[in-house]
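Open your viewer and keep the selection box handy. We will go from stop to stop, with a short note on what to look for at each one.

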Amino acid sequence: MKPRGLAVVITAIAMMTGAMTTASSSPVATPGIAILPDLPEPSGAQFVAGASNVVPATAAPADDIRTDPSKAVAAGFYTCPGFSSVDDQTPLANLYRDIYTWGPFAPYKVGNGGGNINWRLNPYKNPSWYMWFHSLRWLGQGIVAAGQGDLTALTRVNTIAYDWSRDNPYSWKADVGAWESTMHRTNVLICLRQAILSGLQVTTLPAKYAWLDTALVNHARFLTANWSGAWNHGTDESIALFGVGCTLGRSDYKQTAQSRLAAGITTSIDTQGSTNEQSVGYAQFNYSLWGRAVTVLQNCGAVPGSTISSRRTLMATWLALATTSLGKLHQLGDSELLATLAAPGTPMEYAASLGTRGTAPSKRVGIYSAGYVFGRTGWGAVRGFTGESTYSIRFGPARAMHGHSDHTSITYTARGRDILVDSGHAGYQNDVWRTWAKSPAAHSMMTTPRTADRLPVTKLTRSLVKANAEFYEFSDVPGTSVSRTRAVLVLKDPDLVVSLDRGLAKTPQAFQTLWHLPADQRATVYSRATAIAMAPGDSTRTIIFQIPYRQALPPGATLVKQGQTNPIQGWYYPSTFNRKSAPTLMQARSGTSATILSFVVPVRATGSVTYTTHWSGTSYVIALDVAGQRISVGVSAGGGLYRATP
């Protein structure tokens, strides 16, 4: 959130990124209204038009969230939660002209210049633009000014907010953008109410603004009737509903919100600390959002209990393990490239600060039943934080919510840079780019493009973690009559990744193992076995090669695809509005079976890799020289991978 000036209070209770959120004293009385800092909220619309947004709570609810009898009659408070930067591009001067701006889109005049808005406009055909339009968050700078006593600003924001209420009578559920933004708009209306009291220096809402309390009751009715369940939407809705109850003194709204928070927390964050949203970015948002829920409950007569805090503690370790050696989160699911939050007193602080503050987690590998493996060579004790290698591998339940078809996919950092990347988050517009970014083709794994994606459940069938090597094996059925097994070996000293992909089908297929490389690198094919990727002038290059294990390498076995549009391939989204051309290495086979044994080896810019192979009983052994370091890797008769020498 950009600075608002001294009149805007950023209260200490708002530090939701910390480990504890226990402050419960009232905000200090100063000119203007108190506004909480922005949470790390994803910028997009977070919904797909026509799809259900309800995520049922499947775990037993928490039993420790309750009303505090000692505070039941005391006046609580609900601090304005802010506008999540949606207002950043709409200054007060533009509000006076009914001009709204969001994202990369040009400013657009949405009204007649007098506050009479056309709420059906969507000039850019973008669901996020439309949802934030209906959220009213773009009024934020005007609401701040109104709270400071600017009566002209107060008149304008009140006019626009009232116009929304008049033009969108209860219930507005038929308009998905208005529906999905209800929780955000509820908070804006609460902020506006606070600004009216502050700006006019009164303690009771004047009759002229009585419409606002009626609108809040209607929004509470809507939130009561339309709970989205156990994910960030449902949590946001419950917090907003509790806010209306606190603002209007409605214990029924507060009790409903408390019950829903109790039902949602145990599904939203599981007993291992994993998010149910299948997105690392949304995990970080949920960590902060549930911290805010604790403070909101405390500040208005409720006891948050210990369940929320204990689940957040587990998630803090999850997020620390999900942090790369570059201080970023592995970009999985609907996630933009994000830095890890430096939540004080948690392992996240250590990860986000690159090991300069806080305490490292006690483990370096996490295997989570929600479908995540996060691993690293260490926490920087010897090599330094950025000198470690880090990786992620996806598996688990079928794709849902903010998940992608990324099962068995690998991301990897080494030598202080990205080596393998996810293709990122293309936004929520229903177009070919979002379809591709969610598809198997956008991830580093074996794909079968001739069969429809079945959104498989992927099992972790074997794993073994040692001091200098980790082995995992996964299996699933990605398409009709197609089976797939991936074995992965991640080594330390030398740092490299080995994968053995095996595919079997009843009808001929195109089997393609894909390796998505960073956008700054250039990839060149040197033979049907080998490709090299390197950024100009970099100190590191990545050598990717395949060995003809149990299957000869056909012509065209190694290809580079970059910047293609038909079919789409070779792109990377660091953020939803920033698409970059990026090399994708394709290791290709065709037929009813495929066996692809791959090595991904980052070395210094002048480093090389050589190898020899031999059989040792039923094991196939690859002896490697990796830039002067010698190591042997074995493939067992059952397809297991192991480090054959120390």
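Start by selecting Ser616 and Ser619: Ser619, in E25, is the bridge partner of Ser616. The model you are looking at is predicted, so local features are described only where pLDDT is at least 70, side-chain atom pairs count only at pLDDT 80 or more, and totals for chains, interfaces and linings use all residues. Residues are numbered from 1 along each chain as its sequence is written, and side-chain values use heavy atoms, with hydrogens and water left out.

**The four-stranded sheet**

Now widen the selection to E24 and strand E25 (residues 619-626), which pair in the antiparallel sense over eight bridges. Strands and helices here are DSSP runs numbered from the N terminus, with at least two residues (E) for a strand and at least four (H or I) for a helix. Two strands pair if DSSP finds at least two bridges between them. Add the remaining strands and you have an open, antiparallel sheet of four, in the order E24-E25-E26-E27. Its edge strands are E24 (609-616) and E27 (641-643), each of which pairs on one side only. Neighbouring strands of this sheet are turned by 25 degrees against each other on average, direction ignored. For these angles, axes are lines fitted to C-alpha atoms, for helices over the stretch in contact, and the angles run from 0 to 180 degrees between N-to-C directions.

**The five-stranded sheet**

Next, select Phe374 and Ser392: Phe374 stands opposite Ser392 in E7. Strand E6 (residues 372-376) and strand E7 (residues 390-394) run antiparallel and are joined by five bridges. They belong to an open sheet of five strands with antiparallel pairing, ordered E5-E6-E7-E8-E9. At the edges stand E5 (365-368) and E9 (417-420), each with a single partner strand, so one side of each is left without a neighbour in the sheet. The twist averages 15 degrees from one strand to the next.

**The disulfides**

How many disulfides does the rule find? The count comes to two, taking a disulfide as a pair of cysteine sulfur atoms within 2.5 Å.

Select Cys80 and Cys191, whose sulfur atoms are 2.0 Å apart. Cys80 lies in the loop between strand E1 (66-67) and helix H1 (92-95), and Cys191 in helix H6 (residues 182-200), so the pair ties together parts that are 111 residues apart in sequence. The torsion about their S-S bond is about 95 degrees, so this disulfide is right-handed. Both Cys80 and Cys191 are buried; buried means under 20% relative accessible area, exposed over 50%, and partly exposed in between (1.4 Å probe, protein chains only).

Then move on to Cys246 and Cys300, joined S to S at 2.1 Å. Cys246 lies in helix H8 (residues 232-248) and Cys300 in the loop between helix H10 (280-299) and strand E4 (302-303), so this link ties together parts that are 54 residues apart in sequence. It is right-handed, with 100 degrees about the S-S bond. Cys246 and Cys300 are both buried. With the bonded cysteines numbered in sequence order, the pairing reads 1-2, 3-4.

**Two single residues**

Buried or exposed: which is Pro508? Pro508 counts as exposed, at 54% relative accessibility. You will find it in strand E14 (residues 496-516). Leaving aside neighbours within four places in sequence, Pro508 is in contact (heavy atoms within 4.5 Å) with Arg450, Gly591 and Thr592.

Now jump to Gln521, in the loop between E14 and strand E15 (522-525). Gln521 is buried, with a relative accessible area of 1%. Not counting residues up to four places away in sequence, Gln521 touches Arg417, Ala533, Met534, Ala535, Thr542 and Pro583.

**Zooming out**

Finally, show the whole chain, with its 13 helices and 27 strands. Its C-alpha atoms fill a box of roughly 90 × 50 × 45 Å along the principal axes. Of the 646 residues, 59% count as buried.

Colour by pLDDT, the predictor's confidence in each residue from 0 to 100. The chain averages 93, and 93% of the residues score at least 70. Select residues 1-30 last: pLDDT stays under 50 there. Where pLDDT is low, the predicted coordinates should not be read in detail.
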